[in-house]
Amino acid sequence: MQLELTILDGIQRYLRGGFLDWLMPFVSGLSNHGEVWILLAAVLLLLRSQRRHGLAAACALILDLISCNLLLKPLIGRVRPFAFRPDLLLLVPPPGDASFPSGHTAAAFAVVFALRASGSPLWR
């Protein structure tokens with residue numbers, strides 16, 4: 001946890017302000033609930049030639065939801081690092097779930113792995 005707090009302090013000290021304070025909540029919000037990945041899977045499902053890849057992405061997202069959000073997060077229950085720094089000003093409302101595994105990372109990995117495994121041209 002100490003490494004994470006050091007990184008968090010560094011971000012607060014050197015990367016806060018102006019344009020990044022505006023940009024990062026938007027970037028983070030793009031995948032808060034997997035929206036960008038769900039949209040990609042939906043678009044691929046609508047395209048006849050890409051339907052197999054869309055199905056692979058959709059299945060990967062469902063498996064990610066079950067394994068990460070419904071099983072691992074409650075089981076591990078890791079507190080988010082900002083909870084140890086109550087003086088920090090957050091740019092987004094504090095998430096109510098555990099910090100590990102990362103939903104953003106797990107969803108991205110699941111879809112990219114599914115696209116690779118299904119031979120999608122998006123992978124090339």
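**Exercise 1. Describe the overall make-up of the chain.**

Buried residues make up 24% of the 124 residues in the chain. The coordinates belong to a predicted model, and the solution proceeds from content to extent.

Step 1. Count the elements: the secondary structure consists of five helices and zero strands. Read from the N terminus, their order is α-α-α-α-α.

Step 2. Establish the extent: along the principal axes, the C-alpha atoms occupy a box of roughly 50 × 35 × 25 Å.

Step 3. Consider the contacts with a separation of 6 or more: 64% of them join residues 24 or more positions apart.

**Exercise 2. Characterise helix 4: its span, its bend, its end and its buried residues.**

Step 1. Helix 4 covers residues 51–76, which is 26 residues. From first C-alpha to last it reaches 35 Å, close to the 38 Å expected at 1.5 Å a residue.

Step 2. Examine the course of the axis: helix 4 bends by about 25° at cysteine 68. Cys68 is also one of the buried residues of this helix.

Step 3. Inspect the end: glycine 77, just after helix 4, has a positive phi of about 60°.

Step 4. List the buried positions, for which the cut-off is under 20% relative accessible area. In helix 4 they are His53, Gly54, Ala57, Ala58, Ala60, Leu61, Asp64, Cys68 and Lys73. Several of these positions can be read against a general rule: an α-helix has 3.6 residues a turn, so residues three or four places apart point the same way.

Step 5. Identify the cover: helix 3 (35–46) and helix 5 (103–117) are included in what covers these buried residues.

**Exercise 3. Determine how helices 3, 4 and 5 pack against one another.**

Two packed helices are described by the angle between their axes and the distance between the axes.

Step 1. Take helix 4 with helix 5. Their axes come within 8 Å and cross at roughly 150°. Angles over 145 degrees count as roughly antiparallel, and helix 4 and helix 5 are therefore roughly antiparallel to each other. Their crossing is right-handed. On the helix 4 side the contact is made by His53, Ala56, Ala57, Ala60, Leu61, Asp64, Cys68 and Lys73. Helix 5 contributes Gly103, Ala106, Ala107, Ala110, Val111, Ala114 and Leu115.

Step 2. Take helix 3 with helix 4. The axes come within 7 Å and cross at roughly 150°. Helix 3 is therefore roughly antiparallel to helix 4. Here the crossing is left-handed. Trp37, Ile38, Ala41, Leu44, Leu45 and Leu46 of helix 3 meet Arg51, His53, Gly54, Leu55, Ala57, Ala58 and Leu61 of helix 4.

Step 3. Take helix 3 with helix 5. These two pack at about 25°, and their axes are 10 Å apart. Helix 3 is therefore roughly parallel to helix 5. From helix 3, Trp37, Leu40 and Leu44 meet Ala107, Ala108, Val111 and Leu115 in helix 5.

Step 4. Trace residues through the contact lists. Trp37 and Leu44 of helix 3 meet residues of helix 4 and also residues of helix 5. His53, Ala57 and Leu61 of helix 4 take part in the contact with helix 5 as well as in that with helix 3.

**Exercise 4. Is each of glutamine 50, serine 28 and tryptophan 22 buried, partly exposed or exposed?**

Step 1. Glutamine 50 sits in the loop between helix 3 and helix 4. Its relative accessibility is 15%, so glutamine 50 counts as buried. Apart from neighbours within four places in sequence, glutamine 50 contacts Leu44, Ser120 and Pro121.

Step 2. Serine 28 belongs to helix 2. With a relative accessible area of 29%, serine 28 is partly exposed.

Step 3. Tryptophan 22 lies in helix 2, which spans residues 18–29. The relevant cut-off for exposed is over 50%; tryptophan 22 has a relative accessible area of 58% and is therefore exposed.

**Exercise 5. Relate two helix 2 residues to distant parts of the sequence, and locate the cis peptide bond.**

Step 1. Tryptophan 22 and leucine 115 are 93 residues apart along the chain, and 31 Å separates their C-alpha atoms.

Step 2. Serine 28 and phenylalanine 100 are 72 residues apart in sequence, with a C-alpha to C-alpha distance of 16 Å.

Step 3. Phenylalanine 100 is joined to proline 101 by a cis peptide bond with omega near -5°. Proline 101 is located in the loop between helix 4 and helix 5.

Notes. Residues numbered from 1 in each chain as written. Predicted model: local features only at pLDDT ≥ 70, side-chain atom pairs only at ≥ 80, totals over all residues. Heavy atoms only, no water. Helix = DSSP H or I, 4+ residues; strand = E, 2+ residues; numbered from the N terminus. Expected span 1.5 Å × (residues − 1). Bend = angle between axes of the 7 residues up to and from the residue. Buried < 20%, exposed > 50% of the residue type's maximum accessible area, 1.4 Å probe, protein only. Contact = heavy atoms within 4.5 Å. Axes fitted to C-alpha atoms, helices over the stretch in contact; angles between N-to-C directions. Parallel < 35°, antiparallel > 145°, perpendicular 65-115°, else oblique. Left-handed = near helix turned anticlockwise from the far one by under 90°.
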